[in-house]
Amino acid sequence: MKKIGVLTSGGDAPGMNAAIRAVVRKAVHENIEVVGILKGYNGMVNGDFIPMEAASVSGILKEGGTILKSARSDVFRTPEGRATAYENLKREGIDGLVVIGGDGTFTGASIFGHEYDFPVIGIPGTIDNDLFGTDLTIGYDTALNTVAEAVDKIRDTATSHSRLFFIEVMGRDAGFIALNAGVACGAEVVLLPEKRTSFDELKEFLQKKYSYSKSSSIVLVAEGEKLGKTIDIADRIGKEHPEYDVRVTILGHLQRGGSPTVTDRVLASELGVAAVDALLTNKRDVMVGIVNGEIVHVPLSQAIKDEKPINSRLLNLINVISG
Ligand code: F6P
């Protein structure tokens, strides 16, 4: 392996820069050339490559976003797009790839790797934490802390007015942010895609927790939750219970920004180095992850498809201790 490419793809996540830095510095340490590929797979298709050296990644460890930019590429979903991408990699002399992203990124990586027998290693980078085979994904811890800070602030005003707040957090298909922030912020109820809650159950919870205490209540809703859109759920509750003072906040993309936490910086640094090590030891088509403090290699297909279970202990705990 003489020259590798690195890219970030899909939704950005705090800590992606720390991962890029680790990949570049480790490659330089091993006398391997590194090329940054801009805007995810679009950069592979368009030949948008920049040479990187140790100094190219100075000062980015603490920065949110990704210096390589990111995208969700439609053209890379087509065989023609991937053929052009392969030609570009060959022309540039790149013989291994590190891709940093989530399930969409890994799906593209796996298809491309098999189609062209090309060594690709995935680094889990998504705030959703929804990849199987790693305890944490890069960006998740920072997003959780961002959500906790926002929810704490909303709690102040909710309590002053004795209001019921529905707060929507990210997590397209996964409730990790909602569940863990729910515990951290003392949410009265959490709604998750992994655990169906009926409208009647929700009303019953609120009856017990909100109307009884006459103080504030917070329902944390994962955006992928199955009961309906947060705004519609809140609207229906407000109509059926005019005595409740209901408000809605959608935290949105603010959850994806900001300087990464120490946990994310360390995780990203470890995984960046592990990804280059994986290429050097002829691994391919795997994600590098960390389980119980140990580096693991998980087939990309498994990381995407196998379900990462939510912690049902935490869910039960919310019901017991949330007042
Ligand atoms: O996958 C990360 C994520 O932030 C999801 O939680 C969210 O559903 C999605 O990306 C939003 O994507 P976009 O930034 O393309 O709107």
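**View 1. Meet the residues around the ligand.** In this predicted model, the ligand is surrounded by Arg72, Thr126, Asp128, Met170, Gly171, Arg172, Glu223, His253 and Arg256. Sort that shell by character and you get five charged residues, three polar ones and one nonpolar one. As for where the ligand has settled, it sits in the largest pocket.

**View 2. Zooming in on the oxygen atoms of the ligand.** Start with Glu223: an N or O atom in its side chain is 2.4 Å from a ligand oxygen. Arg72 also brings in its side chain, with a polar atom 2.9 Å from an oxygen atom of the ligand. Gly171 takes part through its backbone, where an N or O atom lies 3.2 Å from a ligand oxygen. How much of the ligand's accessible area does the protein cover? On its own the ligand has 400 Å² of it, and the protein covers 76% of that.

**View 3. Two domains and the ligand shell.** The domain assignment splits the protein into domain 1 (3-139 + 260-305) and domain 2 (140-256). Each of the two gives at least three residues to the shell around the ligand.

**View 4. Where domain 1 and domain 2 touch.** Here, 18 residues of domain 1 are in contact with 13 residues of domain 2. How far apart are the C-alpha centres of the two domains? The distance between these centres is 34 Å.

Methods:
Residues are numbered from 1 along each chain as its sequence is written. This is a predicted model: local features need pLDDT of at least 70, side-chain atom pairs count only at pLDDT 80 or more; totals for chains, interfaces and linings use all residues. Side-chain values use heavy atoms; hydrogens and water are left out. A residue is near a molecule or strand if one of its heavy atoms lies within 4 Å of it. A polar contact is a pair of N or O atoms within 3.5 Å; within protein, one must be able to donate a hydrogen and the other to accept it, and residues adjacent in sequence count only if both atoms are side-chain atoms. Accessible areas come from the Shrake-Rupley method with a 1.4 Å probe; for residues, only the protein chains shown count as cover. On a 1 Å grid over the protein atoms alone, a cavity is a set of points where a 1.4 Å probe fits but cannot get out, and a pocket is an open set with protein on both sides within 12 Å along at least five of seven lines; lining residues have an atom within 4 Å of a point. A molecule sits in a cavity or pocket if more than half of its atoms lie within 2 Å of its grid points. Ala, Val, Leu, Ile, Met, Phe, Trp, Tyr, Cys and Pro count as nonpolar, Asp, Glu, Lys and Arg as charged, and the others, Gly among them, as polar. Domain bounds come from an automatic or database domain assignment. Contact means heavy atoms within 4.5 Å.
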